[in-house]
Amino acid sequence: MTLTLEKSSHSTLTLTVNGEKHSFMLGEGPHEVASSHTLAHTLRERLGLTGTKISCDNGACGCCTVLINGKAVQSCMLLTVECEEKEITTIEGLGDPVTNVIDPLQQSFIDHTAFQCGFCTPGIIMSAKALLNENPSPTRDEVKEALSGNFCRCISHYHVLDAVMAAAKKGGNQ
Amino acid sequence: MKDYRFIGKSTPRKDALDIVTGRTKFINDLTIPNMLYGKVLRSPLPHALIKSIDTTEAMRLQGVKAVLTYKDVPDWKAGFPHHVRILDSKVRYVGEGVALVAAETEDIAEEALRLIKVEYEPLPAVYDVEESIKPDAPQLYDQFPGNVFPQDNVVFGPHTLNEVVIGDIEKGFEEADFIVEGTYAYENIPNPLPPESPGVIALWEGTDNLTVWLASQGPQIFKAAFQRRMGNINLQSLGNPVGGSYGSKYMSWQYALPAVALSKATGKPVKFCYGKAEHLAAFTLRLGSRIHGKVGMKKDGTVTALSGDWLVNSGSFSEATQGMVAVGCGEAQLMLRCKNWSFIPKMVCTNRTASGQVRGFGGQELKCALTPILTMGMEKADVDPVDFFKKNYVKAGDGFYWRDGDWWVCRGIDYSNAINQGAETFGWKEKWKGWLKPTSVNGAKYRGVGVGVHGNADAGEDVSEVYVRLEPNGSAIIHCGIAEHGTGQRSSICKMVAEVLQLPLDRVYVTPTDSLVNPIEIGPVGSRGTYAIGGAVIAAAEDAKRQLFELMAPKFKVKPEDLETEDGMVYVKGKPDKRIPWIKEMQYYGSIMGHGRFESDFSIPNFMMIFTEVEVDTETGKVDLIRVVGTTDVGQVIDPLSLTNQLNGCLGSAGIDSAIFEETVLDTRLGRIMNCNMIDYKWRTFSELPEMEHSILETPFPTHRFHAIGVGEITPSPGPSAVLMAVSNAIGVRIHDYPLTPDKVLSALGKIGSPMRRE
């Protein structure tokens with residue numbers, strides 16, 4: 001990383017989110033990105049990508065999960081200034097941006113009503129997506145393990161497992 | 001059973017696409033131009049007078065728009081009776097608000113909190129419910145001497161139930177073959193902990209116009225409660241999708257009033273969302289519940305008398321404690337067909353963050369303490385608990401006092417079939433080896449089974465009023481103020497209307513949860529969504545259909561009752577070939593408004609039983625939940641996947657797991673909650689899910705158009721006492737200290753001394 005925070009009022013930061021580049025001024029002003037800002041904060045408050053939810057803001061609940069270079073990370077535990085030159089994907093970036101067709105995993109969540117209040121759902125979908133990227137044919141236990149950092153208080157877990165397993169199967173992997 | 005087009009079929013939730021794409025706007029996802037951010041300075045002391053408070057420096061900070069203290073907030077009072085100010089000159093728990101700040105950014109507001117100087121005069125504090133009612137205990141409120149909340153309240157009308165006194169208690173004990181007596185408690189004050197912390201945006205404009213956007217299970221309740229208290233202002237309440245509530249976000253004044261006060265002071269919209277630490281340490285928890293009880297029983301499991309003192313620890317204020325006690329008292333009678341009662345609650349305040357509404361609403365807290373006393377009797381009589389619950393659960397013709405203080409006679413169904421089927425699904429007969437006997441032993445691992453029961457008569461509670469508007473293009477709009485908090489009820493009422501009017505589901509809509517466009521709606525609470533709200537929705541759709549047929553009948557030269565409608569077309573019964581679209585008679589400028597109203601009916605109790613199997617590692621003391629089977633009878637399933645979601649919910653929202661590991665840890669030296677983050681507050685992960693199965697019966701309820709009744713609210717409540725029973729059976733020792741953490745299990749086994757926390 002080449003940024004120099006000392007010159008923050010003149011420095012810029014470029015993030016690549018869902019395939020689009022966004023540049024920010026670094027600083028403490030209302031429209032700037034401060035060195036203390038988390039990626040979750042920047043996604044929500046600067047880019048309006050509110051599909052990424054903040055619940056615990058402490059790395060415990062997984063509601064803020066996004067993909068960085070295809071891997072699931074909790075965006076409340078990363079500083080925005082650490083995320084330059086990385087490919088960030090949020091829930092808004094799933095699916096086909098041209099046809100607007102949603103990702104088969106999202107469709108599977110709809111088909112299985114794999115949510116209740118839906119607050120933790122984007123984070124769960126992103127964690128599951130990261131798993132399927134890496135392991136397209138997981139066992140049910142592997143799905144459980146991959147989602148073990150995702151809090152859901154309504155207890156939609158069982159439907160989520162059905163949805164992820166069905167999506168993996170539909171992907172022709174089982 | 002009738003085969004419906006939508007009812008009973010799995011259909012996607014209407015809001016599903018928004019949820020899975022992240023487009024659902026929860027409260028903290030909204031911004032309004034010129035919006036300020038509110039923050040609360042919170043007390044570090046459990047009980048103190050504010051001697052002085054200096055806000056000068058905070059006010060000087062650039063970007064700060066208002067700093068309010070108890071001296072300048074409006075004197076609106078909340079709670080039952082009205083006793084909680086937004087800010088007071090006295091603090092009664094660690095985390096109580098001391099000052100409010102509104103600023104241009106959250107960071108500035110946070111910084112301003114640090115600049116407020118407060119001088120406190122500390123007072124002694126009290127945390128234990130019985131310590132609090134001693135004569136020399138520190139007193140929280142001048143108006144509540146002895147720290148006891150008054151019971152002469154009007155939560156549920158002038159005769160609100162505040163005790164269960166029936167028959168002749170002395171005679172009841174005389175008739176008993178034996179008497180058991182004991183003290184049991186459920187005092188781990190777990191947090192229902194929805195992922196979305198409480199939040200609101202408030203905008204006060206001019207002298208008397210207030211708009212609130214609320215993350216609330218009952219956004220219109222805020223309007224109903226506070227409109228007049230605020231001087232009969234124009235109050236519009238808007239309900240956002242709610243990121244989980246489990247009852248806790250029903251009464252929203254705790255978070256709404258500070259934002260309203262800040263908006264009133266600044267004239268700008270103010271967003272105020274709790275952080276997770278505030279949510280865990282300074283928001284409402286479950287009630288603390290302790291019962292000194294005595295039960296008279298016959299050898300066959302007939303209960304002849306029940307007497308008891310129910311000590312209810314409400315924490316620093318009563319949000320709705322009298323209401324929860326009323327419902328709890330009603331629910332005790334539903335589980336126990338006993339002729340002689342003397343069951344006397346006492347509602348007590350203490351110096352910790354308050355208790356409030358949570359799924360289970362008084363009943364879970366009561367059951368968790370009462371059931372262990374009953375099991376002492378069952379053990380003595382050597383009665384199988386499944387047989388005991390089957391014999392004692394309310395049946396048609398049985399009477400009970402409900403929350404309104406009236407005597408209701410059950411018109412519901414017999415749940416014995418549900419109990420039988422649940423027991424069979426679980427394999428109860430094979431697994432039950434008798435009291436304090438393990439089901440199986442494998443080395444140090446002992447398995448045991450337990451069962452619990454719960455039900456309430458609130459499925460038909462309160463009035464609901466709904467309009468269904470038919471549009472000429474063959475669509476229907478439901479005007480209903482129901483919020484979506486996860487049950488899928490906004491979608492389910494669309495299914496009901498689609499079924500009545502035989503419209504495609506995508507031609508039925510619900511208005512936004514907006515008090516300007518909908519009649520008042522108390523909301524989806526107490527499992528009332530299907531029966532009460534659904535009842536009004538169905539009546540409104542039927543009324544609209546009746547008007548439609550009256551309009552169309554002359555065209556067909558038949559009587560209105562000879563007509564049918566399907567997919568926005570009308571035809572004569574038996575002659576579906578000749579169809580006329582609605583628009584032909586309604587014209588493009590016409591609409592039809594049907595009206596439906598549901599009146600309170602407490603005569604139809606619902607039912608939930610939970611079977612649990614646990615495995616206790618007698619070397620480490622760890623309790624694992626192996627299997628859960630829920631059984632209920634819902635009359636008619638409305639949406640299968642939404643129903644199983646709600647039934648699976650028995651693990652969450654401070655339900656079953658509050659018997660195993662969930663607790664809010666209060667340090668009684670400092671009055672502070674020690675585990676106010678989601679690492680130290682324990683919750684169940686995907687990798688530790690038990691096997692879960694449900695037995696769902698559909699015995700038609702004659703009093704509902706689709707013969708259905710709701711059960712969502714009650715699903716967690718039978719669970720904790722079932723776990724207690726299962727663990728006791730596994731290890732062969734009665735154990736009753738929620739939650740059953742390893743230290744307590746090892747202590748019960750005599751392997752270690754008393755756990756430290758039992759000081």
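## A walk through chains A and B

Start by selecting His454(B), which sits in strand β21 (residues 445-454) of chain B. Before you go on, keep in mind that this is a predicted model. Is His454(B) buried or exposed? Its relative accessibility is 0%, so His454(B) counts as buried, the cut-off for that being under 20%. Show side chains here and look for Lys367(B): its side chain and that of His454(B) are joined by a polar contact of 2.7 Å. Now bring up the rest of the neighbourhood. Leaving aside residues up to four places away in sequence, His454(B) touches a list of residues that includes Glu331(B), Gly360(B), Gly363(B), Gln364(B) and Tyr393(B). Also among them are Phe607(B), Met608(B), Ile714(B), Ser717(B) and Pro718(B).

**Next stop: Ser89(B)**

Move along chain B to Ser89(B), in the loop between β5 (84-85) and β6 (90-91). Ser89(B) has a relative accessible area of 29%, which means that it falls between the 20% and 50% cut-offs and is partly exposed. Select Ala48(B), Leu49(B), Ile50(B) and Tyr70(B) to see what Ser89(B) touches, once residues up to four places away in sequence are set aside. Then try a distance: from the C-alpha atom of Ser89(B) to that of Lys71(B) you should get 8.0 Å, and these two residues are 18 apart along the chain.

**Zoom out to the domains of chain B**

Color chain B by domain. Domain 1 is 16-24 + 462-598, domain 2 is 31-123 + 196-243 + 249-281, and domain 3 is 288-459 + 603-748. For this stop, keep domains 1 and 3 on screen. Their C-alpha centres are separated by 37 Å. Where they meet, domain 1 of chain B puts in 16 residues and domain 3 of chain B puts in 21.

How much area is buried between domain 1 and domain 3 of chain B? About 1500 Å², with carbon and sulfur atoms giving 54% of it. On the domain 1 side, highlight Ser527(B), Thr530(B) and Tyr531(B): these lose the most area to domain 3, together 41% of what that side buries.

Now for the charged pairs. There are three salt bridges between these two domains of chain B. To see a salt bridge in chain B, select Lys495(B) and Asp639(B), whose side chains meet at 2.6 Å, N to O. You can also look for polar contacts between the two domains, which come to eight residue pairs with both residues at pLDDT 80 or more.

Switch to cartoon view and pick out α14 (489-501) and α15 (528-556) of chain B, each of which supplies at least two residues of the domain 1 side. α15(B) gives the most to that side, with six residues. Color the domain 1 side by residue type and you'll find five nonpolar, six polar and five charged residues.

**Over to chain A**

Chain A is divided into domain 1 (5-93) and domain 2 (104-173). Their C-alpha centres lie 24 Å apart. Select the contact between them: 18 residues of domain 1 of chain A meet 15 residues of domain 2 of chain A. The buried area here is about 1200 Å², and 64% of it comes from carbon and sulfur atoms.

Which salt bridge should you show in chain A? Pick Lys71(A) and Glu134(A), with their closest N and O atoms 3.0 Å apart. One salt bridge is found across the interface of the two domains of chain A, along with four residue pairs in polar contact, both residues at pLDDT 80 or more. On the domain 1 side, β3 (65-68) and β4 (71-74) of chain A are the elements that give two or more residues. That side divides into eight nonpolar, eight polar and two charged residues.

**Last stop: where the chains meet**

Bring both chains back. The contact between them takes 45 residues from chain A and 50 residues from chain B. Together they bury about 4100 Å², 62% of it on carbon and sulfur atoms. Highlight Gln116(A), Arg153(A) and Tyr158(A), which supply 19% of the area that chain A buries against chain B, more than any other three residues.

Three salt bridges are counted between the chains. For a salt bridge between the chains, zoom in on Asp29(B) and Lys53(A), whose side chains meet at 2.4 Å, N to O. Polar contacts across the chains come to 19 residue pairs, both residues at pLDDT 80 or more. Finish on the helices: the side of chain A that touches chain B gets two or more residues from each of α1 (39-46), α2 (104-111), α3 (121-134), α4 (140-146) and α5 (157-173) of chain A. α5(A) gives the most, with five residues. By type, that side of chain A holds 21 nonpolar, 16 polar and eight charged residues.

How values were computed:
Residues are numbered from 1 along each chain as its sequence is written. Chains are lettered from A and ligands numbered from 1 in the order in which they are written. This is a predicted model: local features need pLDDT of at least 70, side-chain atom pairs count only at pLDDT 80 or more; totals for chains, interfaces and linings use all residues. Side-chain values use heavy atoms; hydrogens and water are left out. Contact means heavy atoms within 4.5 Å. Buried area is the accessible area (1.4 Å probe) that two parts lose on being put together, summed over both. A salt bridge is a side-chain nitrogen of Lys or Arg within 4 Å of a carboxyl oxygen of Asp or Glu. A polar contact is a pair of N or O atoms within 3.5 Å; within protein, one must be able to donate a hydrogen and the other to accept it, and residues adjacent in sequence count only if both atoms are side-chain atoms. Helices (H or I, at least four residues) and strands (E, at least two) are DSSP runs, numbered from the N terminus. Ala, Val, Leu, Ile, Met, Phe, Trp, Tyr, Cys and Pro count as nonpolar, Asp, Glu, Lys and Arg as charged, and the others, Gly among them, as polar. Domain bounds come from an automatic or database domain assignment. Buried means under 20% relative accessible area, exposed over 50%, partly exposed in between (1.4 Å probe, protein chains only).
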